[in-house]
Amino acid sequence: MPRFSVIVPAYKVQAYLHECLESVLSQSYPDLELIAVDDCSPDACGAIIDEFAARDARVRAVHLPENQGLGRARNAGLEQATGDYLVFLDSDDTLTPDALRAIADRLKETGDPDVLVFDYARTFWSGEAQRNKVAVQLTEQGPAPFRLEDRPGLLRVIMVAWNKAYRREFVEREGFAFPPGYYEDTPWTYPVLMTAETIATLDRVCVHYRQRRQGNILGTTSRKHFDVFDQYDRVFAFVDARPQLAQWRPVLFRRMVDHLATVFTKPDRLPRGTRAEFLRKARAHYRRYRIPGTPVPLRTRMRHTLVHFGVHRTFRALQKAMSWRRSAVKLTAKALRALRAAILQLHYRVQLRLPLRDRAVFAAYWGRGHSCNPGALESAFRTHAPHIRTAWIARPEHHHTIPAATRRLRPNTASYWTALARSKYLVNNVNFDRRLIKRPGQVMIQTQHGTPLKHMGLDLQERPAAARDMDFGELLKGVDKWDHVLSANRHTTLTWERVYPGSYTTLAYGYPRNDVFQQATSADVARLRESLGIPRDTIALLYAPTHRDYRRVQRAHLDLDRVLRRLGPRFVVLARAHYWHEGPLAAHATGRIIDVTDHPSVESLCLASDALVTDYSSLMFDYANLDRPIVIHADDWEAYEAARGTYFDLRSFPPGAVARSEDELIDIFATDHWRGSRSAQLRAAFRERFCPYDDGRAAERVVRHVVLGETDLPPVVPLAERHPVPSAAASPTRSPLATVPQPTASQPVTDRL
């Protein structure tokens, strides 16, 4: 008896059926049967199903003699099912990778409930994916399993059959079956949830719900949408036959009214000339099932009025009035924004005529918080050049990261333009606003934010997938404003001067953000791990993948849940998504997967971790300064290199072990190759090439040279004489701990990160 019976009814979906069936059979959890029901489809669906059945013994082909509709086709699959749990999948949708494994694990955790509700994402022809907007209802926090009255918010999740797994014995005992009609999910889903003794949730996208351009049943104009009335009659008949469910009548009534109003207001559902008839039937249903005194939420009161009184023309008039009001508000707001922008630019032009001041303004990553090389330099300005007042430009949500001694500036405000016009020093790791006018006497420090593995600057002219709509002329105008550019190694110096040609001076002093790796102590590491919630005596892996230019929609390349299941309880993962990634790298953070995407300091995360797992992120060059293990997951190197271009083959000169698949990565950690002698040799060669200057005093050198005008700068400490703080996992093996004295700042290192 298989664990899952996956039931897929098919009708006129030959273009999508192959992908659907393949998504089931390629699951990493193989204990399943796939029941594919050909609902007498006039296209090639039947032949495709037979081909899959001939190829894989887990596929059972069912051919119906005549077209019966989606509900009855599902019932035909139900009759054939032998699995412990039933999973329905529409034939133009797909299961996400490892979905059944995640469902099986959650079923086991929650004691095999009657129903498990999981999440989905809408996928569009453009490649865009949008997760369910009420996914918060699927949280796994709190007791599980539970009954519907414990979590009534589940009724806000889309009422469909395909976002749940059902215990087959429960379905058979209660005699559930799908009725005929357009809206067959309605009288199935409500009774199932109300009747289930045990329910659990899985906060993970398990289904990709395809949004077809044309051909979607519910988007078809037809009188068949009148079927919604019969389906709600079935729902209320079910409740009437079971007095113990009477408490749900008010909720079902509100859901019905919302549903009827949705069908009525959608412009592409009801044929011309049928709207008045539909509204009359809706009003009759309202009166039939309304419970006097039932409160109506304010946000849906207008819809209830429409259905209750059948005020079609009044409703339309209100809709048009509200639409006109929204348009007027938008036009007014646009005009006010234009006026404000003009006033600010006039203010800026006035400020440009006033004298420069001994001040420095800093920014990083297009308005993010105090971080990266500019963050380390800002701290160094306050330490080594205290006569220079500093300010930081960031969006309001990042102001909490800015030190108290530093002035906070919001982008595109009067104070922002004043600072750009009158500050002597301008520091950024990307370009400032293109409207900035570089004044004589101003000094701009371009810190950059990493050692280049991937192609950058002018090299992207031949990489349209990566360059997108980059304006290379505008890029060079920005380069012409730079006075100094920081570099961490010879490779970076040669690359920057070629791809960003300009008259600036390269400062090969190292990257200031890496200073902390030489300055931190073991006590700092312990405090950081505690603040992140890393359990004692565990190995913390920092997983930080980079952006893929060849994908419109970014996705995680590692199933972190599976990796940790295979590695066992001694490992935890700090998961940090790239700032262009649409969401977290794991479906949900747990005690062993800690989402650190929004943590303000990646340097803190490096210090707290015991090893780095990445693909092609420049973070590897910085992390190598810690002399801790690095593992490269290069499962798509060819595609990445073809789209973006790289300056060397990372697989031939890696900073540690290289995995070409998820299983290889698991094996590297399971066998301890990640910290073996070969890994140490590779890391030593990598550090020799890419970490010559990062000895903990890069920021000091920049300030002493650029601000104080000194030429006799602190000499670079050779690699062999550096002692970066050891990881928590390595600390017990080092006696005594190798540390360096704290810098002469007023706060500890961890407070500055």
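## Exercises on a predicted model

The second largest cavity of this structure, which is a predicted model, has a volume of about 60 Å³.

**Exercise 1.** Determine which residues line the second largest cavity, and sort this lining by class.

*Solution.* Begin with the setting: there are three cavities of 30 Å³ or more in the structure. The second largest cavity is lined by Leu541, Tyr543, Leu558, Leu560, Val563, Val573, Val613, Leu665 and Phe669. Next, look for the elements that contribute two or more residues to this lining, and you will find strand 17 (539-543), helix 19 (560-567) and helix 23 (662-670). Finally, sort by class: the lining holds nine nonpolar residues, with no polar and no charged ones.

**Exercise 2.** Describe the open sheet of seven strands by giving its order and its pairing, and then find what lies on it.

*Solution.* As a first step, read the order of the strands, which is 12-11-10-13-14-15-16, with parallel pairing. Strand 12 (407-409) and strand 16 (505-507) are the edge strands, since each of them pairs on one side only. When direction is ignored, neighbouring strands of this sheet are turned against each other by 25 degrees on average.

The next step takes one pair in detail: strand 11 (residues 389-393) runs parallel to strand 12 and is joined to it by three bridges, and alanine 391 has arginine 407 in strand 12 as its bridge partner.

The last step adds the helices. Helix 13 (residues 414-422) lies across strands 10, 11, 12 and 13, and runs at about 105 degrees to strand 13 (423-428). Helix 25 (residues 698-707) packs on the sheet and touches strand 13, strand 14 (443-446), strand 15 (484-486) and strand 16, while its direction makes about 160 degrees with that of strand 14.

**Exercise 3.** Examine the backbone at aspartate 98, tyrosine 365 and proline 145, and decide whether aspartate 98 is buried or exposed.

*Solution.* Start from the general rule that most residues other than glycine have a negative phi, and that most peptide bonds are trans. Aspartate 98, although not a glycine, has a positive phi of about 65 degrees, and its place is in the loop between strand 5 (94-95) and helix 4 (99-109). Because its relative accessible area is 17%, and buried means under 20%, aspartate 98 is buried.

Tyrosine 365 also has a positive phi, near 50 degrees, in the loop between strand 10 (357-363) and helix 12 (372-384); with 14% relative accessibility it counts as buried.

The remaining case concerns the peptide bond from alanine 144 to proline 145, which is cis, with omega near 5 degrees. Proline 145 lies in the loop between strand 7 (129-131) and strand 8 (164-167).

Conventions:
Residues are numbered from 1 along each chain as its sequence is written. This is a predicted model: local features need pLDDT of at least 70, side-chain atom pairs count only at pLDDT 80 or more; totals for chains, interfaces and linings use all residues. Side-chain values use heavy atoms; hydrogens and water are left out. On a 1 Å grid over the protein atoms alone, a cavity is a set of points where a 1.4 Å probe fits but cannot get out, and a pocket is an open set with protein on both sides within 12 Å along at least five of seven lines; lining residues have an atom within 4 Å of a point. Grid points are joined across faces, edges and corners, and a volume is the space filled by probe spheres set on the points. Helices (H or I, at least four residues) and strands (E, at least two) are DSSP runs, numbered from the N terminus. Ala, Val, Leu, Ile, Met, Phe, Trp, Tyr, Cys and Pro count as nonpolar, Asp, Glu, Lys and Arg as charged, and the others, Gly among them, as polar. Buried means under 20% relative accessible area, exposed over 50%, partly exposed in between (1.4 Å probe, protein chains only). Two strands pair if DSSP finds at least two bridges between them. Axes are lines fitted to C-alpha atoms, for helices over the stretch in contact, and angles run from 0 to 180 degrees between N-to-C directions. Contact means heavy atoms within 4.5 Å.
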